[in-house]
Amino acid sequence: MRIATLTSGGDCPGLNAVIRAIVRTASSEYGSTVVGYEDGWIGLMEDRRVQLYDDENIDRVLLRGGTMLGTGRIHPDILTASLDRIQDNLADAGIDALIPIGGEGTLKAGKWLADNGVPVVGVPKTIDNDVNGTDFTFGFDTAVAVATDAVDRLHTTAESHQRVMIVEVMGRHVGWIALHAGMAGGAHYIVIPEEPFDINEICKSMERRFQMGEKYGIIVVAEGAAPKEGTMEFDAGGVDQFGHQTFNGIGQIIGDEIKNRTGYDVRTTVLGHIQRGGTPTAYDRVLATRYGVHAARAVHERDFGTIVALQGERVTRIPIDDAVAELKVVPEGRYRTARALFG
Ligand code: F6P
């Protein structure tokens, strides 16, 4: 078989581990070859591809963050206008199956290709951990580790200066990183997109801490968080060229409100792309490797129109339709559990 793979959307620690596992499994278990399209869907549209060999170079990428193939974003309308070109390019290159590795947008594109007859097996990837039908996506654990380390470090400086520290983490539509880093780091409040916040309640929670003799507070905020309607002025941001929502720095906005309303000394730290860079954690390397091995096997079993997914301890396959049907948001009960430790 001749397999093609690509990485699309925001990069994520563990992408190279998936590529390595696909190449090595395809070669060792089936004698198949793998090509990689560069820079995501754009590389496929422009027929920019590289042969991936089962050699020591591919072996070494396990530890490396980012993606050896490059990645990119594309507006869905541009992609869907290029179906003929994509099908021609795949046919000319003799590709028998495509393994797109990506998040919600990439998997939606994968579903669209599968619906149009392209043999596709997807691999779910995103630090946001919001792909439906899989317990975890690789990259999430690394992002949480980075964010937790930041929260840990902020405790001591916050306490020394008697400050309220806001840590803004990634999470466009979901608050998984904020929830996990906040819980692991012992944050005193966590703000996520799924639960619109009340700024008064956050201020009161900080005031209670200071009244009880605690001299500092840490608040972890997901970038996509928004206030309850009517509770404060708020500009929700716009949409970028890829159709993704843009933000106006909710961490700073919350920090300014707390400062104005309480008079506390407040500082905001925005972690940004640090959460996506660098070497993957051991957990992410293992999960990414399992996904890659499994995807190569699924392709050879011609189990197309699926993605690989982690359910409990098992890596399994689910229809790609299920994966893109909705986002995996933080359930209310999980947030309530975290709330028990606020303040
Ligand atoms: O989807 C992953 C993600 O890291 C989001 O958490 C974040 O909002 C977005 O990508 C950032 O995208 P970019 O790399 O284009 O700034």
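**Exercise 1. Threonine 142**

Task: In this predicted model, determine which helix holds threonine 142, whether threonine 142 is buried or exposed, and which side chain it joins in a polar contact.

Solution:
1. Threonine 142 is part of helix H7, which covers residues 140–161.
2. Its relative accessible area is 3%. Buried means under 20%, so threonine 142 is buried.
3. Leaving out residues up to four places away in sequence, threonine 142 touches Pro13, Thr279, Pro280, Thr281 and Asp284.
4. With aspartate 284 there is a polar contact between side chains, at 2.5 Å.

**Exercise 2. Helix H10**

Task: Check the span of helix H10 against the value expected at 1.5 Å a residue, then state where its buried residues lie around the axis.

Solution:
1. Helix H10 runs over residues 250–262 and has 13 residues.
2. The expected span is 1.5 Å times one less than the number of residues, which gives 18 Å for H10. The end C-alpha atoms are 18 Å apart, so the two values agree.
3. Buried in H10 are Ile250, Gly251, Ile254, Gly255, Ile258 and Thr262.
4. These residues cover an arc of only 135° around the axis, so they sit on the same side of H10.
5. The spacing follows a general rule: an α-helix has 3.6 residues a turn, so residues three or four places apart point the same way.
6. The partners that the buried residues of H10 pack against are helix H9 (199–211) and the strands S6 (163–169), S7 (189–191), S8 (217–222) and S9 (265–270).
7. After H10 comes glycine 263, with a positive phi near 85°.

**Exercise 3. Helix H8**

Task: List the buried residues of helix H8 and name elements that cover them.

Solution:
1. In H8 (residues 176–184), the buried residues are Trp176, Ile177, Ala178, Leu179, Ala181 and Gly182.
2. Their cover includes H7, S6, S7, S8 and helix H13 (332–339).
3. Glycine 186, just after H8, has a positive phi of about 65°.

**Exercise 4. The ligand site**

Task: Name the residues that surround the ligand, and find how much of the ligand's exposed area the protein buries.

Solution:
1. Around the ligand are Arg73, Ile127, Asp128, Met170, Gly171, Arg172, Glu223, His273 and Arg276.
2. Arginine 73 places a polar side-chain atom 2.8 Å from a ligand oxygen atom.
3. For histidine 273, a side-chain N or O atom is 2.9 Å from an oxygen atom of the ligand.
4. Arginine 276 likewise has a side-chain N or O atom 2.9 Å from a ligand oxygen atom.
5. Taken alone, the ligand exposes 400 Å², of which the protein buries 76%.

Note on methods:
Residues are numbered from 1 along each chain as its sequence is written. This is a predicted model: local features need pLDDT of at least 70, side-chain atom pairs count only at pLDDT 80 or more; totals for chains, interfaces and linings use all residues. Side-chain values use heavy atoms; hydrogens and water are left out. Helices (H or I, at least four residues) and strands (E, at least two) are DSSP runs, numbered from the N terminus. Buried means under 20% relative accessible area, exposed over 50%, partly exposed in between (1.4 Å probe, protein chains only). The arc is that of the directions from the helix axis to the C-beta atoms. Contact means heavy atoms within 4.5 Å. A residue is near a molecule or strand if one of its heavy atoms lies within 4 Å of it. A polar contact is a pair of N or O atoms within 3.5 Å; within protein, one must be able to donate a hydrogen and the other to accept it, and residues adjacent in sequence count only if both atoms are side-chain atoms. Accessible areas come from the Shrake-Rupley method with a 1.4 Å probe; for residues, only the protein chains shown count as cover.
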